[in-house]
Amino acid sequence: MDVNIVASTKVGYKADKEELDKFGGISAGICYSKNGFESLLNEESEATQKRIERTKNGGHHSVYGHGEISLILEGVPKALAMFLNNEKEYNTSERSARYTKMKLQGEEEEIYNKWVGIFKDKIMSRYAGVAPNFFTERKITTLAQENARYLISVFTLTTLEYTTSYRQLNYIYGFMQKEIHRENPTAFDIMLRPHFAEFCEKLRELNLIDERLQENGKNREFSLFDRENTPLVKYFGDVYATSYKGSFAELAQAQRHRTIDYSFKFTDESFFVPPIIKDDENLVKEWLNDCAKQYNTFPQGMLLEIEERGTYRNFILKMQERLCSCAQLEINKQTLETLKEYKQALLDSNHPKYAELKDFNASRCTFKEKYRFDCKTPCGFKEGVLGEREI
């Protein structure tokens, strides 16, 4: 066996469209070349060009997925990033609303700063003495920011690096064009349109767009927003499908599990209320009032109907990441609720996998045998390990 590198990322290098097309044309030759890859690299340019034309015209687009591009997106709304991140074929590094203080303006900034202070006080009062080594000053600050961001718009601008293939960027361009021209748009669609249009313009300026690579014979579109009126029917077995109420913030966390499918619908529900303030009726009223002020900007705490579909094994992988004291609380609690539903459904159907799933519980550090997580920095936070924390 021989294994060799034929292409790799070089920081600062910008491949142009001609080079990406040529790479796809050479890659297409592998399918039926008798003389090996080296001969394709050295073939006449006319032969490669003919293959490029043939594959593009024939809809054989997969060969253009070998060339990858890393983009830096600055000043883009979180909502746009969520649409990109739901399409599976990508890698992303995004500015965190947990570890950084968001740059806001006007009333939104005032509301955000107020609640960062409130959450700091509540966390300090409730947990600083319970697990002082875990709840450091920095930890308390990041948790306060994580909870205050529920109040800010899902259209708040962020920065991310986004890596995907030449082919996929063209598909995304096509999906965005479809959204820009969608009939009977929702208020959410209307807010997204100028951002989609600007992103498409930037891709054209970068000379990354080819009309033939946008052909959409299967009528595909963005997978994040479920526009169907039919409700999901829950099922748990070797595969599963479930739905639940969750915020934009939770959905943004969940969609990083690219082996699981996620989509959402809008509901008439209210807003996520962080458990740390639920013991104070006045604070809850103040929280909901501030959320209502942000309603027209789609705050990240707005509750959605989230639909989740996956396999039994991939749900275990999700648990191995989300059932932890360090995971976002909302997705942590929802993953635990889904686990409870899964267990009961397998028990009721006498499914053989119940014998394994019944031993899973609130924290990955307590999982058994091959699923046990070897934590290098144990939190020492009992309520977190038991799944009873409020922050």
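Guide: Two strands pair if DSSP finds at least two bridges between them. Helices (H or I, at least four residues) and strands (E, at least two) are DSSP runs, numbered from the N terminus. Residues are numbered from 1 along each chain as its sequence is written, and this is a predicted model. Local features need pLDDT of at least 70, side-chain atom pairs count only at pLDDT 80 or more, and totals for chains, interfaces and linings use all residues, while side-chain values use heavy atoms, leaving out hydrogens and water.

Visitor: Happy to be here! What order do the strands of the open sheet of 4 strands have?

Guide: Start from the outside: strand 4 (235-236) and strand 6 (261-271) are the edge strands, each pairing on one side only. The pairing in this open sheet is antiparallel. Reading across, the order is 4-5-7-6.

Visitor: Over how many bridges do strand 4 and strand 5 pair?

Guide: Strand 5 takes in residues 239-247 and pairs with strand 4 in the antiparallel sense. To find the spot, look at Phe236, whose bridge partner in strand 5 is Tyr240. The number of bridges between strand 4 and strand 5 is 2.

Visitor: Which strands does helix 12 touch?

Guide: Here touching is contact, meaning heavy atoms within 4.5 Å. Helix 12, residues 329-348, packs on the sheet. The strands that helix 12 touches are strand 4, strand 5 and strand 7 (302-311).

Visitor: On to the sheet of 3 strands: which are its edge strands?

Guide: This open sheet has the order 1-3-2, with antiparallel pairing. Strand 1 and strand 3 share 9 bridges, while strand 2 and strand 3 are joined by 4 bridges. Pairing on one side only is what marks the edge strands, strand 1 and strand 2.

Visitor: What is the bridge partner of Leu73 in strand 3?

Guide: Strand 3 has partners in both neighbours, and Ser93 is bridged to Glu161 of strand 3. For Leu73, the partner in strand 3 is Leu160.

Visitor: Which residues make up the uncovered face of strand 2?

Guide: In a regular strand the side chains alternate between the two faces of the sheet. In strand 2 (residues 91-94), the covered face holds Thr92 and Glu94. That leaves the uncovered face, Asn91 and Ser93.

Visitor: Why is helix 4 largely enclosed by the rest of the structure?

Guide: Buried means under 20% relative accessible area, exposed over 50%, and partly exposed in between (1.4 Å probe, protein chains only). The cover over the buried residues of helix 4 includes strand 1, strand 2, strand 3, helix 7 (166-180), helix 8 and helix 9. Among the buried residues are Lys78, Phe83 and Asn85. Helix 4 (residues 78-85) is largely enclosed because its buried residues number 8 of the 8.

Visitor: And Gln168: is that residue buried or exposed?

Guide: Gln168 lies in helix 7. Leaving aside residues up to four places away in sequence, Gln168 touches Glu87 and Glu89. With a relative accessible area of 3%, Gln168 is buried.

Visitor: Now for empty space. What volume does the largest pocket have?

Guide: On a 1 Å grid over the protein atoms alone, a cavity is a set of points where a 1.4 Å probe fits but cannot get out, and a pocket is an open set with protein on both sides within 12 Å along at least five of seven lines; lining residues have an atom within 4 Å of a point. Points are joined across faces, edges and corners, and a volume is the space filled by probe spheres set on them. For the largest pocket, the volume is about 1,300 Å³.

Visitor: Which element gives the largest share of the lining of the largest pocket?

Guide: The lining has 41 residues, and those closest to the centre are Tyr13, Ala15, Glu68, Ile69 and Ser70. Elements giving two or more residues include helix 1 (17-29), helix 2 (37-41) and helix 8 (187-205). The largest share, 10 residues, comes from strand 1.

Visitor: How many residues line the second largest pocket?

Guide: About 580 Å³ of space lies in this second largest pocket. Closest to its centre are Ser96, Ala97, Arg149, Gln253 and Arg256. Helix 9 gives the largest share of this lining, 3 residues. The full count of lining residues is 25.

Visitor: How many nonpolar residues has the lining of the largest cavity?

Guide: The largest cavity has a volume of about 50 Å³, and Phe134, Lys139 and Cys326 are among its lining residues. Ala, Val, Leu, Ile, Met, Phe, Trp, Tyr, Cys and Pro count as nonpolar, Asp, Glu, Lys and Arg as charged, and the others, Gly among them, as polar. Beside 1 polar and 3 charged residues, the nonpolar count is 7.

Methods
Axes are lines fitted to C-alpha atoms, for helices over the stretch in contact, and angles run from 0 to 180 degrees between N-to-C directions.
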